[in-house]
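Visitor: I would like to learn how to read a model like this one, feature by feature. Could you take me through it with the general idea and then the particular case?

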Amino acid sequence: MSTSRRAPATATRRDAAQADPGRLTPLPAGEPGDDPAGKPAGEPGGRPPAASARGLTKTYGRGAAQVHALRGVDLDVPSGRFTAIMGPSGSGKSTLMHCLAGLDQPSGGTVVVDGTDLGSLGDDALTVFRREHIGFVFQSFNLLPMLTARQNILLPLELGSPRLDDAARERAHELAESLGVADRLDHLPAELSGGQQQRVAIARALITSPSLLFADEPTGNLDSTTSAEVLDHLRRSVRELGQTVVMVTHEPDAAAYADDVVTVQDGLIA
Amino acid sequence: MRTVLLASLRRHLRRYVAAGTAVVVAVAFVVAVGVLTTGTQTRITAGAGAPFAGADYVVTNLGTQNAITYAAQHGDEVAVLGSATLPLRAGDEQAAGKFVGSVADLPRLRWQTLDTGRFPEREGEAVVDAWTAQEMTIAVGDTVTLGAGGDAVDLRVVGIGAASASLGQASVYITFDQLLHWRDDDTLLLDRAVVVGDPGRLPDGAVALTPQEHVAAEMAQHTGNVNTMALLLLVFAGIAVLVSVLVITNTFAILFAQRVRDFALLRCVGATRRQVVGSVRREAVVVGVLASLGGAGAGIALGYGLIALAGALTRNSPLGFPDGLPVRWLLGGFAVGVVVTLLASWLPTRRVVRVSPLAALRPDGVVDARTGAGRVRVVLGAVLLAGGAALLTVAAVRNSAVSMVAGGAALFAGVLLFGPLLVPRVVRGIGALLGPGGRLATENAVRNPRRTATTTASLLVGVTLTTAVLTGLATTRASVDANHGSAHPLDVALTSWDGPLDADVLEQVRATPGVGQAITVEGVLVEVDRGSGGGGGSAGAEDGSGGGAGSDGSGADGGGTSDVDADQPPLLLLSAPDAGLVARDGGTFAAVGAGTVALDADVYGDDPGDSLGDPVTVRVADGGADGSTAAGGGAAGADDAAGDGEHDVAVAVPEVELQVTAGRGWGGAGLVASGTLATLGTPRPHAVWVRAAADADPVALVGALETLAGTVGADVDNGLRAEVADDQMLGIITGATLGLLGVSVVIALVGIANTLGLSVLERAREHAVLRALGLTRRQLRRMLATEAVLLSVTAALLGTVLGVGFAWVGYETFVKAALDAATWRIPWLELAAVLPVGVVAGLLAAVLPARRAAGVTPAAALTLD
């Protein structure tokens with residue numbers, strides 16, 4: 001599964017930790033929650049960042065209509081922590097997330113995720129990289145309407161190899177259980193509540209044990225009680241599984257669940 | 001609303017391209033039929049008068065014999081129109097049957113035009129049609145051979161020319177006197193004469209008209225024929241229009257479903273229902289008008305292009321350019337296009353009415369495009385299915401064409417109505433074969449049952465008709481073959497009526513290209529002791545194809561002399577125990593019981609006993625030559641033939657009395673059992689029977705065997721000729737029908753591509769999610785291609801089942817009634833080809849939508865709204 005053989009030396013420790021993505025593997029070193037908030041990763045005593053951006057720019061359109069969504073962003077996303085990216089609408093936070101997640105090509109600068117420079121990957125390699133190293137949770141859930149909850153959760157694995165082993169099914173069930181949707185696994189998304197859909201989406205994001213989990217306004221379509229549940233689940237995945245989570249949000253309440261908060265304004269880190 | 005209409009058109013017109021294409025193709029079809037029909041009419045009008053241009057009167061309804069007599073009475077003032085069909089040989093080139101016409105003696109009655117050379121003035125000279133000359137590489141000064149066997153005549157080519165009209169057109173023109181050389185040939189058909197001056201006394205039944213009157217009468221008939229042809233073509237155009245309706249309906253339904261939010265917003269800001277629906281219908285009108293204009297233009301281009309092409313490929317093409325644009329057809333085609341578009345958009349636009357303004361305010365713009373099968377639809381579908389099946393049963397039992405067409409239409413309509421229930425299940429069934437890799441594609445293909453059903457329905461129409469035609473024609477062909485097999489059991493027979501054939505003839509025949517199998521058949525020449533006088537056998541014996549001769553002979557019955565007619569040529573008796581090796585009926589025709597002789601009804605009349613007597617007494621001919629051996633043969637045969645009772649075992653001249661039975665299709669010889677033959681004398685090789693190879697060129701084969709037969713003194717009976725004609729005709733019908741149905745298949749493919757393309761737009765967000773989750777571009781393209789293939793293969797499978805079923809009903813209704821030896825035949829090979837064609841079609845339909853879907857970056861699609 002690992003495609004990180006070309007990865008720089010700084011990533012080795014993380015690679016060893018993630019050598020077997022088929023199991024829920026707690027991080028071996030340190031207490032994830034004990035890292036001092038806001039301390040940049042890569043400093044002495046810290047671990048290499050899960051993702052880092054350098055001089056990231058993104059422009060849309062040409063000439064007078066040109067929009068600078070990102071104007072040179074430098075950012076390290078610490079490993080094993082819950083990072084929130086905040087900012088008002090149009091600040092560039094979604095663009096930043098898309099570039100970090102390899103969903104969009106930046107106009108300039110580099111993005112390194114889990115030791116791999118995303119700019120060096122072609123579309124297919126990038127797709128496979130996403131499949132194996134990055135998980136997504138969207139604002140509008142984006143479950144495939146014609147697949148059951150279980151099929152949705154297993155989908156990322158199935159895209160890689162059409163044959164699923166029992167271990168994968170077992171793991172899907174475990175995730176569903178810990179997220180409280182185990183009894184809804186055979187339902188279609190249309191038969192689930194919003195909160196249930198989002199929890200299925202989180203299970204889908206976690207099934208591959210990704211290096212990075214991106215959540216784009218995960219509570220934007222949910223009421224406050226359900227929002228709290230979903231955020232709690234995300235936080236638990238950080239605490240209990242050592243998962244690195246990056247959440248884009250404009251709600252301070254949601255950001256309060258995060259370990260670190262990064263604010264984006266007018267295309268720059270404020 | 002006007003601003004809205006214009007803006008919608010600007011924004012959505014590209015999405016109407018596929019629906020527009022369907023209309024364009026259908027309208028173009030109708031208009032092209034109009035151009036071709038008008039053009040043919042023009043051409044016939046222009047050419048019809050040519051043969052009569054120099055005449056004062058045209059005498060019609062003469063009949064061949066009367067025409068000959070009439071021409072003889074009036075000399076040069078009369079020229080007879082008509083032709084014989086004769087084999088033509090020029091150097092190495094051979095043709096089995098070419099029309100041979102005559103050139104008038106009087107120059108003002110000659111209506112043919114010459115490219116080079118001059119007209120024939122005496123016997124032994126010929127003008128060859130330019131097209132035939134090119135085809136068979138004939139030039140002025142060459143010698144060509146007309147006719148076969150003893151009737152063959154060598155002619156010097158003195159001119160190359162052309163007919164100025166398709167009427168009376170022939171490949172070779174000779175003088176009328178020369179044509180009368182074949183006055184006894186069956187193929188000589190003369191019917192009309194053109195006359196200078198007073199037509200004089202006419203034979204019974206003949207009518208004299210002025211050329212103008214005659215042309216007018218002819219035209220009326222031709223117009224009828226052309227109209228029939230146009231009607232047939234319009235049936236296919238109608239099928240194309242039906243398929244277009246399905247495609248257009250689907251397009252509008254999908255587009256409107258995608259725009260529900262827009263409509264709701266319009267209602268929110270205060271547009272009335274009527275305003276929204278009116279705007280949408282005006283959109284349909286614009287699409288219909290634009291597409292119909294395009295279709296009319298394309299149809300004219302297509303029609304004129306075909307006429308020009310036909311003109312370039314053949315001289316004397318039956319197609320000519322119309323005098324002016326066929327305005328009525330143009331307007332008709334245009335109207336059809338607009339009306340069809342409006343009709344097809346009616347139902348989908350009605351659904352727009354139901355949109356509630358609230359729909360715009362719902363949180364997520366996700367359109368629930370799920371549609372199911374309504375109860376009305378299911379009930380109506382069930383009624384149509386049951387009614388259709390009942391009508392088809394009636395059709396098969398009563399041989400009723402009307403109930404077959406009505407039942408077929410009802411059943412098919414029922415299947416279409418059941419589509420939303422039926423098609424997704426079939427798609428799932430096929431998709432399950434693909435394993436988990438195909439699951440996404442399968443789920444996508446069936447998620448909107450009605451859309452899936454309509455999309456497949458358009459292809460279903462084409463596939464059903466295609467497979468029905470394929471199976472129907474294969475069955476017809478098999479039945480015709482079976483009939484042909486019993487009517488013409490032998491492909492070719494070389495028969496020697498004089499002495500036995502040399503031993504190496506068989507080898508020579510087997511060495512001839514195109515011969516599949518050949519056997520030597522032994523026989524004995526006998527004299528017939530006729531019970532009743534008649535000359536039937538002789539004509540047949542000389543010329544095996546002289547079908548009518550036998551009946552003439554039987555007409556002369558009643559003489560009552562029982563003497564052997566010394567002038568009669570001997571009869572050849574053959575025995576072929578191994579006929580099964582070459583016969584098309586498995587040798588049944590040659591299996592004759594002891595003590596009987598089978599005679600060919602084509603030669604001796606339906607009841608050969610009338611002409612030869614029944615029983616007939618035969619004795620060995622030319623007893624002196626065969627006498628000594630005949631004694632031994634007779635003695636040996638006596639045991640075999642014991643029980644015949646009647647035969648005389650005289651040592652010198654054995655005489656046998658035989659019961660006469662009738663058969664068909666082997667020529668002038670009589671067939672007897674081998675035991676019977678042995679009692680008459682020593683059987684010698686007298687014939688070689690040939691079975692053509694499956695891939696043989698019949699014309700070349702018969703030509704080569706005729707040449708061979710000439711050198712060894714044998715006659716040739718040709719059973720292949722009739723088969724070639726039948727085969728060619730069925731082949732042309734199959735090809736033409738499939739070509740015409742192809743149009744509807746093309747429209748259906750546009751429809752599949754369209755549905756897929758619009759679905760791709762609708763699912764852009766889902767595709768983005770899949771890409772984000774790790775679906776590669778290639779996997780995405782493959783998923784969409786699989787979806788299209790699932791749809792097309794489902795249509796192909798269902799269509800094949802329906803088509804074969806319809807063909808079976810047609811077989812029960814028509815073929816069984818028309819042919820004795822009707823044979824049900826499923827053309828597995830052709831039907832098997834339908835499936836790969838369906839796969840390829842699905843792949844083609846998926847190319848553009850898949851490319852578009854895969855081109856979008858995931859981030860762009862995720863931020864889409």
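Visitor: Which residue is the bridge partner of A:Thr59 in β2(A)?

Guide: The bridge partner of A:Thr59 in β2(A) is A:His68, and this pair belongs to a predicted model. A single pair is best read together with its strands: β1 of chain A, residues 51-60, is joined to β2(A) by eight bridges, and the two strands run antiparallel.

Visitor: What is the order of the strands in the open sheet of chain A, and which are the edge strands?

Guide: The open sheet has four strands in the order β2-β1-β4-β5 of chain A, with antiparallel pairing. Its edge strands, each pairing on one side only, are β2 (67-77) and β5 (116-117) of chain A. A helix also belongs in this picture, since α2 of chain A, residues 93-100, lies across β1, β2 and β4 (108-113) of chain A and runs at about 120° to β1(A).

Visitor: How should I read the directions in which residues point from a strand, and which way do those of β3(A) point?

Guide: The general idea is that in a regular strand the side chains alternate between the two faces of the sheet. In β3(A), A:Phe82, A:Ala84 and A:Met86 point one way, while A:Thr83 and A:Ile85 point the other way, and all are buried. Strand β3 of chain A, residues 82-86, is accordingly described as mostly covered, with five of its five residues buried.

Visitor: Which strands are joined to β3(A), and how many bridges join each of them?

Guide: Five bridges join β3(A) to β8 of chain A, residues 245-249, and these two run parallel, while four bridges join β3(A) to β9 of chain A, residues 260-265, again in parallel. One residue lets you follow both pairings, for A:Ile85 stands opposite A:Val248 in β8(A) and has A:Val262 as its bridge partner in β9(A).

Visitor: Where does β8(B) pair in chain B, and is the sense parallel or antiparallel?

Guide: Strand β8 of chain B, residues 172-175, pairs in the parallel sense with β3 of chain B, residues 93-103, over four bridges, whereas two bridges join β8(B) to β5 of chain B, residues 125-129, and that pair runs antiparallel. Here B:Tyr173 is a useful residue to look at, with B:Gly101 standing opposite B:Tyr173 in β8(B) and B:Val127 likewise standing opposite B:Tyr173.

Visitor: Turning to helices, which residues of α7(B) are buried, and why are they on the same side?

Guide: The buried residues of helix α7 of chain B, residues 260-268, are B:Val260, B:Phe263, B:Leu266 and B:Arg267. They cover an arc of only 125° around the axis, so they lie on the same side of α7(B). Just after α7(B), B:Gly270 takes a positive phi of about 115°.

Visitor: Why does B:Leu331 count as partly exposed?

Guide: The reasoning rests on a count of neighbouring C-beta atoms within 10 Å, where 20 or more would make a residue buried and 12 or fewer would make it exposed. B:Leu331 has 13 C-beta neighbours inside 10 Å, and therefore counts as partly exposed. B:Leu331 lies in helix α9 of chain B, residues 327-353, and its C-alpha atom is separated by 9.9 Å from that of B:Leu293, which is 38 residues apart along the chain.

Visitor: How many helices and strands are there in chain B, and how many residues are buried as a percentage?

Guide: Chain B has 26 helices and 19 strands, and buried residues make up 48% of its 865 residues. Of the contacts in chain B with a separation of 6 or more, 86% are between residues 24 or more positions apart.

Visitor: How many residues does each chain give to the contact between chains A and B?

Guide: Chain A gives 22 residues and chain B gives 23 residues. On the side of chain A that touches chain B, the elements that give two or more residues are α3 (123-133) and α4 (149-160) of chain A, and α3(A) provides the largest share, six residues. By residue class, that side of chain A divides into ten nonpolar, six polar and six charged residues.

Visitor: What confidence values go with the model and with chain B?

Guide: The model scores ipTM 0.72 and pTM 0.65, and chain B has a mean pLDDT of 78, with 84% of its residues at 70 or more. Within chain B, pLDDT stays under 50 over residues 363-370, for which the model has twelve contacts beyond four places in sequence. The pLDDT is also below 50 over residues 623-651 of chain B, a stretch that has 45 contacts in the model beyond near neighbours in sequence.

Methods:
Residues are numbered from 1 along each chain as its sequence is written. Chains are lettered from A and ligands numbered from 1 in the order in which they are written. This is a predicted model: local features need pLDDT of at least 70, side-chain atom pairs count only at pLDDT 80 or more; totals for chains, interfaces and linings use all residues. Two residues are in contact if their C-beta atoms, placed from the backbone, lie within 7 Å. Ala, Val, Leu, Ile, Met, Phe, Trp, Tyr, Cys and Pro count as nonpolar, Asp, Glu, Lys and Arg as charged, and the others, Gly among them, as polar. pLDDT is the predictor's confidence in each residue, from 0 to 100. Two strands pair if DSSP finds at least two bridges between them. Axes are lines fitted to C-alpha atoms, for helices over the stretch in contact, and angles run from 0 to 180 degrees between N-to-C directions. The arc is that of the directions from the helix axis to the C-beta atoms.
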